[in-house]
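Reader: Please take a close look at one part of this model, its interior, and follow it outward to the charged pairs. I would like the cut-offs stated as each term comes up.

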Amino acid sequence: MARGTLEVLLVGAKGLENTDFLNNMDPYVILTCRSQEQKSSVASGKGSEPEWNENFVFNVTDGVTELHLKILDSDTVGGDDFVGEATIELGPLFQEGSLPPTAYNVVKDEEYRGEIRVGLTFRAEERRSRGYGAEEESYGGWKESDAAY
């Protein structure tokens, strides 16, 4: 299974449905990887073609299979409006190591609502063997013994 660090480059989006009728919307993205959640900055006044160019880092443990992106429109009055969401399967990333910025479909109510561009990099955690070497000390032995002979 994959363990390591997931680096996400949130580039931008296009073709989003504008949820503000009088003004351009102010979109932001909530990125979720299992129980970890991070929020992008608000692209104020950028409407349906926002750009963020922001980096996010997540710790990946066994069982993580996808990255979820939820796009919202920041509103000063009332709650923020749901614009759409995208789910990115991470299996291909774990095999390749990195994926260049790619467009993923944004969906709302099971309908296409634009696309979001995201670049991904996965850095695998180095697994240490329990054989010889530096790690040997953490498992006890004469190097950690306090016994006087």
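Author: The answer begins with the basis of the model and the chain as a whole, then turns to the core, two aromatic residues and the charged side chains.

This is a predicted model, in which local features need pLDDT of at least 70 and side-chain atom pairs count only at pLDDT 80 or more, while totals for chains, interfaces and linings use all residues. Residues are numbered from 1 along each chain as its sequence is written, and side-chain values use heavy atoms, with hydrogens and water left out.

The chain has one helix and eight strands, where helices (H or I, at least four residues) and strands (E, at least two) are DSSP runs numbered from the N terminus. Along the sequence these elements follow the pattern β-β-β-β-β-β-α-β-β. Of the 149 residues in the chain, 36% are buried; buried means under 20% relative accessible area, exposed over 50%, and partly exposed in between, with a 1.4 Å probe and protein chains only. The accessible surface of the chain comes to about 9,400 Å², of which 46% belongs to carbon and sulfur atoms, the areas coming from the Shrake-Rupley method with a 1.4 Å probe and, for residues, with only the protein chains shown counting as cover. Among contacts with a separation of 6 or more, 59% are between residues 24 or more positions apart, a contact being heavy atoms within 4.5 Å.

The largest nonpolar core has 30 residues, and those with the most contacts inside it are Leu-6, Val-8, Leu-67, Ile-116, Val-118 and Leu-120. At least two residues of this core come from each of β1 (4-14), β2 (27-33), β4 (51-60), β5 (66-73), β6 (81-89), β7 (98-108) and β8 (111-124). Such a core is a set of buried Ala, Val, Leu, Ile, Met, Phe, Trp, Tyr and Cys residues joined through side-chain atoms within 4.5 Å. Leaving aside residues up to four places away in sequence, Leu-67 touches Leu-6, Val-8, Thr-32, Cys-33, Phe-58, Ala-86, Thr-87, Ile-88, Leu-90 and Leu-120.

Two aromatic residues can be followed in the same way. Trp-52 is found in strand β4 and is buried, with a relative accessible area of 8%. Its C-alpha atom is 6.3 Å from that of Leu-10, although the two residues are 42 residues apart along the chain. Beyond four places in sequence, the residues that Trp-52 touches include Leu-10, Tyr-28, Val-29, Ser-41 and Ile-116. A polar atom of the Trp-52 side chain also lies 3.1 Å from the backbone oxygen of Ser-41. Phe-122 lies in strand β8 and is buried at a relative accessible area of 10%. Phe-122 and Glu-7 are 115 residues apart in sequence but 6.3 Å apart in space, C-alpha to C-alpha. Among the residues that Phe-122 touches, not counting those up to four places away, are Arg-3, Val-60, Leu-93 and Phe-94.

Arg-3 leads on to the charged pairs. The structure holds six salt bridges, each a side-chain nitrogen of Lys or Arg within 4 Å of a carboxyl oxygen of Asp or Glu. One of them joins the side chains of Arg-3 and Asp-62 (3.7 Å, N to O). This pair links distant parts of the chain, with Arg-3 in the segment before β1 and Asp-62 in the loop between β4 and β5, 59 residues apart. Arg-3 also meets Glu-125 in a salt bridge (3.5 Å, N to O), and Glu-125 sits in the segment after β8, 122 residues apart from Arg-3. Arg-3 is partly exposed at a relative accessible area of 28%, as are Asp-62 at 31% and Glu-125 at 45%.

Another salt bridge is that of Arg-113 with Glu-17, whose closest N and O atoms are 2.5 Å apart. Arg-113 lies in strand β8 and Glu-17 in the loop between β1 and β2, so the pair ties together parts that are 96 residues apart in sequence. Arg-113 is buried, with a relative accessible area of 16%, whereas Glu-17 is partly exposed at 34%. Salt bridges that share partners join Arg-3, Asp-62 and Glu-125 into one network.

Asp-75, in the loop between β5 and β6, is buried yet has no salt bridge, and the nearest side chain of opposite charge, Lys-108, is 11 Å away. Here Lys and Arg count as positive and Asp and Glu as negative, while His and the chain ends are not counted. Apart from residues up to four places away in sequence, Asp-75 touches Asp-20, Asp-80 and Asp-81.

Terms used:
A polar contact is a pair of N or O atoms within 3.5 Å; within protein, one must be able to donate a hydrogen and the other to accept it, and residues adjacent in sequence count only if both atoms are side-chain atoms.
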